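This report walks through one protein structure for a reader who has not met it before. Please look over the sequence and the model before reading on.

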Amino acid sequence: MSTDTLASHSKLTLDSDRLTIPAPEIQVLLERILRDAGCEPEIAREVADHLIDTELCGVESHGVMRVMQYADQFNAGVMKANARAVITSDPQQGDAVDGCGGIGIPALRLAVDHCVGLAKKSGIAAMPVRHVGHTGRLGAFAERGADEGCLTIIIGGGGRQNWRQVAPYGGRKALLPTNPYCFGIPGGAQGPVVVDFATSILAGGWLYAARAAGAKVPAGAIIDRDGKPSSDPAAYFEGGAILPKGGAMGYGLAVMAEMICEAMLGPVTTEVNWLIIALDTTRYREAPVMGAVAEEILAELRSCPPAKGFARVEVPGERERAHRAANPQRLIALPQRTWAAILQKAKQ
């Protein structure tokens, strides 16, 4: 597989080449960086696995470059490297996951697994996740729930005090986080349908990726501190803002996430609060029947003639799985500057 193909989903415009590196080589460095920052080996391995898989799925914004952010946040005390997420239970509020201030990847995996287990018993379940740092690629967790036969919904928000990244619709000052939503549901022959999106035009990770790689971001995604359009990530980091996705639509979804995750779930620490909802789809239709109908719907969409500039019509969630499957050698194409920064971080 060529370097261009490996990086085909990237939103970065680079002025330098990429290096193709085997995933196991990167994995060793990621685990070393995380352990050196104070993570227990088990947590370092799970986080590194998640970042590698995310990169193999073609989601560069949440891939291996995130290890530098995580290490810096551990060292600065933003996240606790030695924290372990736990399940708590309250007679009135029910079960919840307390991330204890640690990284959110193990915490969200624990929450989805527990919530799906509850849904299998009662039909539907909901639980909050609090006191967690960055949670990685949400699609991985929603797909995990969908693989177990559950409609899985993940909503994050409430971190506006510490993570002012996105301007409200009609505004030019960053006031909101990127407040992501994710949905996963059992699909047809090619697996679950997964929709994973920030309520901003760009996930914040693309700006970190662009800064690390010395790259530009797509025009129309960010504004500088004066409200002028820019494609330079420095404009964002120097007081600018990301614009809401779809204008008023993205803004409305972001506001709803703030209402759910702060007004309803309570004070936010570390990064944002999360609400996980799982619904056992077999309560409505047997899995084989639902799968057959899903495949009929999805096959029709795939057969749609592509518009100019598109090779084909895709189904949400299938691109990531196809990207991973097309790369059995597990090669990752990283911008030269990003790889150099990871190597430097591993030496510190």
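A residue is called buried when its relative accessible area is under 20%, exposed when that area is over 50%, and partly exposed in between. The model described here is predicted.

## A patch on the surface

Met256 is a case of the middle class: it counts as partly exposed because its relative accessibility is 45%. Met256 belongs to helix H9, which covers residues 248-264.

Met256 also takes part in a nonpolar surface patch of about 470 Å². The other members of the patch are Tyr169, Tyr251, Val255 and Met259. As for spacing along a helix, an α-helix has 3.6 residues a turn, so residues three or four places apart point the same way.

## The chain as a whole

The protein chain holds 12 helices and 12 strands. Its radius of gyration is 20 Å, close to the 20 Å that the globule rule gives for 348 residues, so the chain is as compact as a globular protein of that length. Along the principal axes, the C-alpha atoms fill a box of roughly 50 × 50 × 45 Å.

Of the 348 residues in the chain, 52% are buried. The accessible surface comes to about 15700 Å², and carbon and sulfur atoms account for 55% of that surface. Contacts between residues at least 6 apart in sequence were also sorted by separation: 69% of them join residues at least 24 apart.

## Helix H4 and its surroundings

How many of the 11 residues of H4 are buried? Eight of them are, so H4 is largely enclosed by the rest of the structure. The buried residues are Arg66, Val67, Met68, Gln69, Tyr70, Ala71, Gln73 and Phe74. They pack against five helices, listed here with their residue ranges:

- helix H2 (23-36)
- helix H3 (41-56)
- helix H5 (104-122)
- helix H7 (204-213)
- helix H12 (336-347)

Gln73 shows one such position in detail. Helix H4 spans residues 66-76, and Gln73 lies within that span. Gln73 counts as buried because its relative accessible area is 9%. Leaving out residues up to four places away in sequence, Gln73 touches Val78, Met79 and Trp163. Just after H4 comes Gly77, with a positive phi of about 85°.

On the other side of the helix in sequence, Ser61 sits in the loop between H3 and H4. With a relative accessible area of 2%, Ser61 is buried. Its contacts, apart from neighbours within four places in sequence, are with Arg66, Gly205 and Trp206. Arg66 is also one of the buried residues of H4.

## Aromatic pairs

A search of the whole structure finds three aromatic pairs. One of them joins Tyr181 and Phe197, which are stacked with 5.8 Å from centre to centre and 5° between the planes. Tyr181 is in strand E6 and Phe197 in strand E7 (residues 191-197), so this pair ties together parts that are 16 residues apart in sequence. Tyr181 is buried, at 5% relative accessibility.

Tyr236 and Phe237 form an edge-to-face pair, with 5.0 Å from centre to centre and 75° between the planes. Is each of these two residues buried or partly exposed? Tyr236 has a relative accessible area of 8% and so is buried. Phe237 has a relative accessible area of 27% and so is partly exposed. Ring pairs link both residues with Tyr208 into a cluster.

## Positive phi outside glycine

His131 is not a glycine, yet its phi is positive, at about 60°. His131 lies in strand E4, which runs over residues 124-132. Its relative accessibility is 26%, so His131 counts as partly exposed.

Asn179 is another residue other than glycine with a positive phi, in this case near 35°. Asn179 is found in the loop between strand E5 (150-157) and strand E6 (181-188). Is Asn179 buried or exposed? Its relative accessibility is 1%, so Asn179 counts as buried.

Notes: Residues are numbered from 1 along each chain as its sequence is written. This is a predicted model: local features need pLDDT of at least 70, side-chain atom pairs count only at pLDDT 80 or more; totals for chains, interfaces and linings use all residues. Side-chain values use heavy atoms; hydrogens and water are left out. Patches are made of residues with over 30% relative accessible area and no salt bridge: like charges are joined within 9 Å, nonpolar side chains (Val, Leu, Ile, Met, Phe, Trp, Tyr) within 5 Å. Accessible areas come from the Shrake-Rupley method with a 1.4 Å probe; for residues, only the protein chains shown count as cover. A salt bridge is a side-chain nitrogen of Lys or Arg within 4 Å of a carboxyl oxygen of Asp or Glu. Helices (H or I, at least four residues) and strands (E, at least two) are DSSP runs, numbered from the N terminus. Buried means under 20% relative accessible area, exposed over 50%, partly exposed in between (1.4 Å probe, protein chains only). The radius of gyration is taken over C-alpha atoms; the globule rule is 2.2 Å times the number of residues to the power 0.38. Contact means heavy atoms within 4.5 Å. Rings of Phe, Tyr and Trp (its six-membered ring) pair if their centres lie within 6.5 Å; planes under 30 degrees apart count as stacked, over 60 as edge-to-face and the rest as tilted.
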